[in-house]
Amino acid sequence: MSAEASAEGIVLRRLDSGESDRRLVVLAEGLGKIWITARGARKAKSRFAGSTDPLTRARFTWAEGKRTRYLTTVEPRRGYPLLRADYDRLATGLAMAELADLAIPTEGPDDVGFELLDISLDHLQTSDPASVLAWFSVQLMQHEGQAPDWTACAVTGKRLEHDPILVSPHAGGAIDEEFAGQYRDAFRASWEALVGLKRLMERDHPPSAMKSAEDAARAVERFWEGLLDRPMPAHLARRQSIFPTFPPSASQ
């Protein structure tokens, strides 16, 4: 193995590997999204056991193998403790980690993505969860160059002010009713929610609360699902915890 390297990072996801190992997806400063293997992390007495949970921020040090990074030491920086004491906040944090994992490319520097997630998790400890989730989702979308106008037709550029408004990920944003038949992925969102999303794009930190926060969070989530062309299980789990009668299918 080569010399060790290290970086500050946030654990986005972990997977069991082998008999007792864990593979971690870490969003690291200066490196972007990387994979690190923590040998023996699932053993009861492992020194890594408490430092490999999703939403843990730490300084990770690893040795570079031919194909794999092997974790050697972890220095916890923060675990966003107030998230662990509230299920809604924890579920929202896991949803944001899921989105970062799906939207941010592997092995490419992305300090903006890291900062957005860190700011969001910090605010999530005391602010309205849906408002923070909506802010993070639109900010990450804007960072990835995918954000629509939200209140203007993506086809004609005409400002839309009726309620509700049709939104199509395939079209690239809101659309006028006359184009409904052309975009089968279109869904309806309230005008107030879409105006809220547009305003969130202009903020440098999440609001403590906002009007129609859940509607806004759901609208941007559905847009992300269309862009990524895949379901987001952590987002679905969050919605079902808040709305127990929510349909089991993410497409509904």
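**Exercise 1. Pairing along β1**

Which residue of β4 is the bridge partner of I10? Work that out, then describe how β1 sits between its partners.

*Solution.* Keep in mind that this is a predicted model.

Step 1. Go to I10 and look across to β4: the bridge partner there is R57.

Step 2. Zoom out to the strands. β1 covers residues 4-17 and β4 covers residues 57-64; the two run antiparallel and are joined by seven bridges.

Step 3. Now find the other pairing of β1. Strand β2 (residues 21-28) pairs with β1 over eight bridges, again in the antiparallel sense. To see one of these bridges, start from R14, whose partner in β2 is L24.

Step 4. Check the turn. β1 and β2 make a hairpin with three residues between the strands, and G18 takes a positive phi near 60° there.

**Exercise 2. A lysine under cover**

Is K33 buried or exposed? Find where K33 sits and what its side chain reaches.

*Solution.*

Step 1. Locate the residue: K33 belongs to strand β3, which spans residues 32-38.

Step 2. Compare its accessibility with the cut-off. Buried means under 20% relative accessible area. K33 has 7%, so K33 counts as buried.

Step 3. Look for polar partners of the side chain. A polar atom of the K33 side chain lies 2.4 Å from the backbone oxygen of D101. The K33 side chain also reaches the backbone oxygen of I104, at 3.0 Å.

Step 4. Fill in the surroundings. Leaving out residues up to four places away in sequence, K33 touches L12, V25, V26 and L27, among others. Its contacts also include D101, I104, P105, T106, E107 and G108.

**Exercise 3. Two helices side by side**

At roughly what angle do the axes of α2 and α4 cross? Classify the arrangement and say what the contact is made of.

*Solution.*

Step 1. Pick out the helices: α2 is residues 87-103 and α4 is residues 129-143. Their axes come within 10 Å and cross at roughly 10°.

Step 2. Apply the cut-off: angles under 35 degrees count as roughly parallel. That is why α2 is called roughly parallel to α4.

Step 3. List who takes part. From α2 you get D88, R89, T92, A95, M96, L99, A100 and A103, while α4 supplies P129, V132, L133, F136, S137 and L140.

Step 4. Sort those residues by character: 10 are nonpolar, two are polar and two are charged.

Step 5. Recall the helix geometry behind such lists. An α-helix has 3.6 residues a turn, so residues three or four places apart point the same way.

**Exercise 4. A three-stranded sheet and its helices**

What is the strand order of the open sheet of three strands? Identify the edges, then see what packs there.

*Solution.*

Step 1. Read the order: β7-β6-β8, with antiparallel pairing.

Step 2. Find the edges. β7 (173-175) and β8 (187-189) each have a single partner strand, so one side of each is left without a neighbour in the sheet. On average, neighbouring strands are turned by 50° against each other, direction ignored.

Step 3. Follow the bridges. β6 (residues 165-168) pairs with β7 over three bridges. Among them, L166 has I175 as its partner, and S168 has G173. On the other pairing, β6 and β8 also share three bridges, with I165 partnered by A189 of β8.

Step 4. Inspect the β6-β7 hairpin: four residues lie between the strands, and G172 in the turn has a positive phi of about 100°.

Step 5. Sort the β6 side chains. I165 and V167 point one way, L166 and S168 point the other way, and all are buried.

Step 6. Add the helices. α6 (residues 213-228) packs on the sheet and touches β6, β7 and β8, with its direction at about 155° to that of β8. In α5, the residues A193, L194, V195, G196, L197 and L200 are buried, and the buried residues of α5 pack against α4, β6, β8 and α6.

**Exercise 5. A tryptophan in α5**

Which backbone oxygen does the side chain of W191 reach? Place W191 and give its accessibility too.

*Solution.*

Step 1. W191 is in helix α5, residues 191-200.

Step 2. With a relative accessible area of 28%, W191 is partly exposed.

Step 3. Its side chain reaches the backbone oxygen of L160 at 3.3 Å.

Step 4. Beyond residues up to four places away in sequence, W191 touches R159, L160, E161, H162, D163 and I165.

Definitions and conventions
Residues are numbered from 1 along each chain as its sequence is written. This is a predicted model: local features need pLDDT of at least 70, side-chain atom pairs count only at pLDDT 80 or more; totals for chains, interfaces and linings use all residues. Side-chain values use heavy atoms; hydrogens and water are left out. Two strands pair if DSSP finds at least two bridges between them. Axes are lines fitted to C-alpha atoms, for helices over the stretch in contact, and angles run from 0 to 180 degrees between N-to-C directions. Contact means heavy atoms within 4.5 Å. Angles under 35 degrees count as roughly parallel, over 145 as roughly antiparallel, 65 to 115 as roughly perpendicular and the rest as oblique. Ala, Val, Leu, Ile, Met, Phe, Trp, Tyr, Cys and Pro count as nonpolar, Asp, Glu, Lys and Arg as charged, and the others, Gly among them, as polar. Buried means under 20% relative accessible area, exposed over 50%, partly exposed in between (1.4 Å probe, protein chains only). A polar contact is a pair of N or O atoms within 3.5 Å; within protein, one must be able to donate a hydrogen and the other to accept it, and residues adjacent in sequence count only if both atoms are side-chain atoms.
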